[in-house]
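Student: I'm new to this one and would like a close look at a single part. Could you walk me through one helix and what surrounds it?

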Amino acid sequence: MILVQKPYKLLYLIMINFAINKALKNYFNFSGRSNRAEFWYFFLFILLVSFLTQLIDTYIIGYHPDEMGIVSGIFFLATAIPQLSLIFRRLHDIGKSGLWFLLSFTIIGLIPLFIWWCTMSNPKKNRYGNIPKLLTDFT
């Protein structure tokens, strides 16, 4: 018996792969726009790989669970700038300046940031660029 995956599962894998590739390709690009799906798929990837690197550091290398091990540290250093640039581009997508990210340094500031990250894209061209496309635009 051949198992056939449902088409939407394949689409999710393609979208996650696209979001990762686009975020890493725009490593130092703090201008432009990123849509909601790209933002959340990339942060899902970060969350899953961070969990995996923590497991490797704790159970294979032997770091204490409260410490950041070498694998987790390398992954963090490799993905910190793409995460920041994606946050800036996501804020640009809803018409906000990327500097609103500085609200994250206050506890209460995380609330509006989370709401803005969940907000739908501005459906028109804004001062930060054209409407971002997920599956067709690789810039």
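Tutor: Let's start where helix 2 stops: the helix is followed by Gly62, which has a positive phi, near 105°. Keep in mind that this is a predicted model. Helix 2 itself has 26 residues, and from its first C-alpha to its last it reaches 36 Å, close to the 38 Å expected at 1.5 Å a residue.

For some background, the protein chain has four helices and zero strands. Of its 139 residues, 34% count as buried. In helix 2, the buried residues are Glu38, Phe39, Tyr41, Phe42, Phe43, Ile46, Thr53, Asp57 and Thr58. Two of the names in that list, Asp57 and Glu38, carry a charge, and they make a nice pair to look at.

Take Asp57 to begin with. It sits in helix 2, which covers residues 36-61. Asp57 is buried yet has no salt bridge, and the nearest side chain of opposite charge, Arg89, is 25 Å away. What Asp57 does have is a polar contact of 2.7 Å between its side chain and that of Ser72. If you leave aside neighbours within four places in sequence, Asp57 is in contact with Gly62, Tyr63, Gly69, Ile70, Val71 and Ser72. So Gly62, the residue that follows the helix, turns up again among the contacts of Asp57.

Now for Glu38. Side chains of opposite charge can pair when their charged atoms come close. Glu38 forms a salt bridge with Lys22, with the closest N and O atoms 3.4 Å apart. That pair links distant parts of the chain, since Lys22 is in helix 1 (residues 7-25) and Glu38 is in helix 2, 16 residues apart. Both ends are tucked away: Lys22 is buried with a relative accessible area of 2%, and Glu38 is buried with 0%. Arg89 comes back here too, as Lys22, Glu38 and Arg89 are linked in a network of salt bridges.

The structure holds four salt bridges, and one of them involves the loop that leads into helix 2. Asp93 forms a salt bridge with Arg33, the closest N and O atoms being 2.9 Å apart. Asp93 lies in helix 3 (residues 70-93) and Arg33 in the loop between helix 1 and helix 2, so this pair ties together parts that are 60 residues apart in sequence. Asp93 counts as buried at 0% relative accessibility, and Arg33 does as well at 7%. Asp93 also meets Arg90 in a salt bridge of 2.6 Å, N to O.

Terms used:
Residues numbered from 1 in each chain as written. Predicted model: local features only at pLDDT ≥ 70, side-chain atom pairs only at ≥ 80, totals over all residues. Heavy atoms only, no water. Buried < 20%, exposed > 50% of the residue type's maximum accessible area, 1.4 Å probe, protein only. Polar contact = N/O pair within 3.5 Å; in protein donor to acceptor, adjacent residues only side chain to side chain. Contact = heavy atoms within 4.5 Å. Expected span 1.5 Å × (residues − 1).
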